[in-house]
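Grab a pencil and let's work through a few exercises on helix packing and buried residues. Have a look at the structure first.

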Amino acid sequence: MLLKLLLALILPGVLVVFFTRVTYNHYVGFLLAVALIVASIYKGYADSAIIIAADILSLGAGFMYARNMGKRAGK
């Protein structure tokens, strides 16, 4: 449970940043990461509300970081 919580706090944010770097658009990166998280919740990998909340928190943090990353790059 602790490992799942730690991964839920880190991986969705990293996914947003990764997809943003690949697609050059932070909205598309966010939507792709959300699609992966929703699919994992649907498949049953997120078995508690705490893990889902940690996923959402990490997605938000990753989105804000990717948005600021784009602003610093001059977009």
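**Exercise 1: how two helices meet**

α1 and α2 are oblique to each other. This is a predicted model, where local features need pLDDT of at least 70, side-chain atom pairs count only at pLDDT 80 or more, and totals for chains, interfaces and linings use all residues. Residues are numbered from 1 along each chain as its sequence is written, and side-chain values use heavy atoms, leaving out hydrogens and water.

Task: work out why α1 and α2 count as oblique.

Step 1. Take the angle: α1 and α2 pack at about 135°, and their axes are 7 Å apart.

Step 2. Check the cut-offs: under 35 degrees is roughly parallel, over 145 roughly antiparallel, 65 to 115 roughly perpendicular, and the rest oblique. So α1 and α2 come out as oblique.

Step 3. Look at who touches (contact means heavy atoms within 4.5 Å). Among the contact residues are Pro12 and Phe19 of α1, and His26 and Ile37 of α2. By class, this contact has 10 nonpolar, 4 polar and no charged residues.

**Exercise 2: a histidine in α2**

Task: is His26 buried or exposed?

Step 1. Find His26: it sits in helix α2.

Step 2. Recall the limits: buried is under 20% relative accessible area, exposed is over 50%, and partly exposed lies in between (1.4 Å probe, protein chains only).

Step 3. Compare: His26 has a relative accessible area of 19%, so it is buried.

Step 4. List its partners: leaving aside neighbours within four places in sequence, His26 contacts Thr20, Phe63, Ala66 and Arg67.

How values were computed: Axes are lines fitted to C-alpha atoms, for helices over the stretch in contact, and angles run from 0 to 180 degrees between N-to-C directions. Helices (H or I, at least four residues) and strands (E, at least two) are DSSP runs, numbered from the N terminus. Ala, Val, Leu, Ile, Met, Phe, Trp, Tyr, Cys and Pro count as nonpolar, Asp, Glu, Lys and Arg as charged, and the others, Gly among them, as polar.
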